[in-house]
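Reader: Could you take me through the strands and helices of this structure, one question at a time?

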Amino acid sequence: MILEKLSRANFVLRSTALVRQAHSSSSSSTSVPPQPVPPLAQTLQKYLTALQPLLPPDEFEHTRKMVQRFGSPGGLGKQLQQGLEKRARHSHNWITDWWVQWAYLESRQPLAVHSNPAISLPRQDFSDWRGQLVFAAKLISAVLDFKARVDSGRVPVEYMRGRPLCMELYPQLFSSCRVPGPKHDHVVHYGRPRRGPTHITVVRNYQFFQLDVYNSDGTPLTQGQIHAQLCRIRSQSWKTDKEPMGILTSEHRHTWGQAYNRLLHDRINKESVRLIEKGIFTLCLDSPVMRISDEKYASRMAAQILHGGGTYSNSGNRWFDKTIQFVVGEDGSWGLLYEQATAEGPPVSTLLDHVLQYCKKTDTVRAPLVPLPMPKKLYFYIDPAIKWDIEMAKQNLDILINDLDITCFNFQRFGKEFPKRLRLSPNSVIQVAIQLAYYRVHSEVCAACDIASLRMFRGGRTDYIRSPTNQMLSFIQAFDDPAVSREAKVELLREAAEAYSQLTDQALHGHGIDRHLLGLKLQAIEEGLSVPRMFMDTAYGLATHWKLRTGQVPTNTDSVMCFGPLVPDGYAVCYNPQPDHVHFSVTAFNCCEETNAEKLADTLESTLCDIQELLHPPA
């Protein structure tokens, strides 16, 4: 159960300033060190410290004794630690394969809403299908240009805090796909620098097309050629009575795994599915959606990218298993959806930055007068069993979409420059504000996770930055107390922000606790032992019941990211700090009477204003 909850937790990474330097990325994985296994005593002490704000004293004492026994000389913890250290000596990365398997591939929850993050990008200057196709052609050219840099090792190595980062994930972004199974999924990757797939998949009105984007000599098509081919696809996809095959990929993974096997019994279906899976990426050309007020536009667009708006809207224009999907609407809206077993926030962010810069350039290359083959329409044979699978998937997705509450807002009172001027970490201040807002709504603090990148290490993925800390709890309890002076509150805020910044730094350097604890648990299973009692303790369940799933968008543009909560009674809060404003998205499930995304969003906005006045009171 705990690992099921972990399965959706690896969302967009916390953005720590990345510096790109022009060295070959192909050699970067060899220049970064292996990921260390943290000392056992250190992790256990940090775990107890993290539990203190969440547990009453009697429960904490019970857990403390249990943890002490686990870590004692000759205890089970020492044996499992030795197993992890041996694993680290004989593997590329001691936790990554386990993490991907347990957190993603063995999770049975739908990828839509629960797992795949969506990024809604600044609205483009067009409002009809003509502008949609012109922009889509430029977007395709931009992604192919980035792919060429990846294939030739020309993506500059990224550095964080003076250390090079592992670049292994970049080649995995393209021509890869998750494949469902009845018990666990797997990832297929068809990309090769040479002789890899030469097509993308385009989907419009629920109909999929294979669009070859390279000439026979290996050069990419020009924007003009791609645009002409997109116009051909539009002319071939007028009918709107087609079965939405993509809806199947939104199902519970066990259900989709069974339907997938039935689907592939037919040769035509198998060929079509394989072409989708092998495609460099998928482009979703969405149909128009109902006009909405400017105030709610950001929330609706984030929802459109995340899940397509429902079975009567554009949800059939998705293949949720695909690693990278770009979505372009007719009203200027666009964005990206990605699958996390293969993709992560920073590589996706680098791709988006390249796309945005490329799209600013004027296309000066004239399309050659060479006849191109018609894009290939992908056909599916739908028997009664598959028809039934589609109908059930439509019902289940609409239920999930109706259950999700999304509120996006742009906080304009200050951005990341304001805390920096006061020598405070913007991310730490925002995390404190999120916990304070939650406390104001629910009169308690809760287990919350932010994400730290482990790319300083070979094959590294992520670890959690936990909150609340003891210092954060002290500030939260004092903030609305009129008996506490302003000076004391400012000092408590500084202490809370500093404590969170220290946890962040420790996690970035491989000394977080959650991946280590997970590794100890999985090592016990690997050795055929019973799960240690420490992991069966109610305190561990509470500490990993993430009622606040948070993530910072590591982009330099006004984008909005969103994803669903990790637990039914929780929230997901994503934020994108710009110099003088911060974009937020808040999600919750309507089925839980205690949570309300709009209420938390409003409270968070007022809480940030209160923190600003505390730090910078009006004259």
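Author: Gladly; please keep in mind that this is a predicted model. A first point of entry is a pair of facing residues, in which Ile-119 stands opposite Met-561 in E17.

Reader: Which strand pairs with E17, and in which sense, parallel or antiparallel?

Author: The strand concerned covers residues 118-121, and Ile-119 stands opposite Met-561 of E17. Three bridges link the two strands, and the partner and sense asked for are E2, antiparallel.

Reader: Which strands stand at the edges of the sheet that has the order E12-E8-E7-E9-E10-E11-E2-E17?

Author: Eight strands make up this open sheet, and their pairing is mixed. An edge strand here has a single partner strand, so one side of it is left without a neighbour in the sheet. The strands in that position are E12 (376-377) and E17 (560-562).

Reader: Which helix packs on this sheet at about 170° to E9?

Author: The helix in question spans residues 129-151 and touches strand E7 (199-204), strand E9 (282-285), strand E10 (324-328) and strand E11 (334-338). With its direction making about 170° with that of E9, the helix is H7.

Reader: At what angle to E2 does helix H11 run?

Author: Helix H11, made of residues 294-307, lies across E2, E10, E11 and E17. Taken against E2, its direction is at about 135°.

Reader: Is Ser-559 buried or exposed?

Author: Ser-559 is placed in the loop between strand E16 (548-552) and E17. Leaving aside residues up to four places away in sequence, Ser-559 touches Ile-119, Ser-120, Leu-121, Val-553, Asn-576 and His-583. Its relative accessibility is 0%, and because burial is set at under 20%, Ser-559 counts as buried.

Reader: Which strands stand at the edges of the open sheet of six strands?

Author: The order in this sheet is E13-E19-E18-E16-E14-E15, with mixed pairing. From one strand to the next, the twist averages 20°. Each strand at an edge has a single partner strand, so one of its sides lacks a neighbour in the sheet, and the two strands are E13 and E15 (462-467).

Reader: How many bridges join E13 to E19?

Author: Strand E13 (residues 404-411) is mostly covered, with seven of its eight residues buried. Along its pairing with E19, Ile-406 stands opposite Thr-587, while Cys-408 has Ser-585 as its bridge partner. E19 covers residues 582-589 and runs antiparallel to E13, and the number of bridges is eight.

Reader: Why is E14 largely enclosed by the rest of the structure, and how many of its residues are buried?

Author: In a regular strand the side chains alternate between the two faces of the sheet. On one side of E14, Ala-448, Asp-450 and Ala-452 are buried, and on the other side Cys-449, Ile-451 and Ser-453 are buried as well, which leaves both faces covered. Strand E14 (residues 448-453) is largely enclosed because the buried residues number six of the six.

Reader: Which strand pairs with E14 in the parallel sense?

Author: E15 runs antiparallel to E14 and is joined to it by six bridges, with Ile-451 opposite Tyr-464 in E15. On the other pairing, Ala-448 has Leu-548 as its bridge partner. That parallel pairing is made over two bridges, and the strand is E16.

Reader: Are H15 and H20 oblique or parallel to each other?

Author: Helix H15 (residues 426-442) and helix H20 (residues 597-615) pack with their axes 8 Å apart, at an angle of about 125°. H15 passes H20 in a right-handed crossing. By class, their contact has eleven nonpolar, three polar and three charged residues. The angle lies outside the ranges for roughly parallel, antiparallel or perpendicular, and the two helices are therefore oblique.

Reader: How many charged residues does the contact of H17 with H20 have?

Author: H17 (residues 486-508) and H20 pack at about 115° with axes 10 Å apart; they are therefore roughly perpendicular, and their crossing is left-handed. The contact is made by Arg-486, Lys-489, Val-490 and Leu-493 of H17 and by Ile-611, Leu-614 and Leu-615 of H20. Among these residues five are nonpolar and none is polar, and the charged ones number two.

Notes:
Residues numbered from 1 in each chain as written. Predicted model: local features only at pLDDT ≥ 70, side-chain atom pairs only at ≥ 80, totals over all residues. Heavy atoms only, no water. Pairing = 2+ DSSP bridges. Helix = DSSP H or I, 4+ residues; strand = E, 2+ residues; numbered from the N terminus. Contact = heavy atoms within 4.5 Å. Axes fitted to C-alpha atoms, helices over the stretch in contact; angles between N-to-C directions. Buried < 20%, exposed > 50% of the residue type's maximum accessible area, 1.4 Å probe, protein only. Parallel < 35°, antiparallel > 145°, perpendicular 65-115°, else oblique. Left-handed = near helix turned anticlockwise from the far one by under 90°. Nonpolar A, V, L, I, M, F, W, Y, C, P; charged D, E, K, R; others polar.
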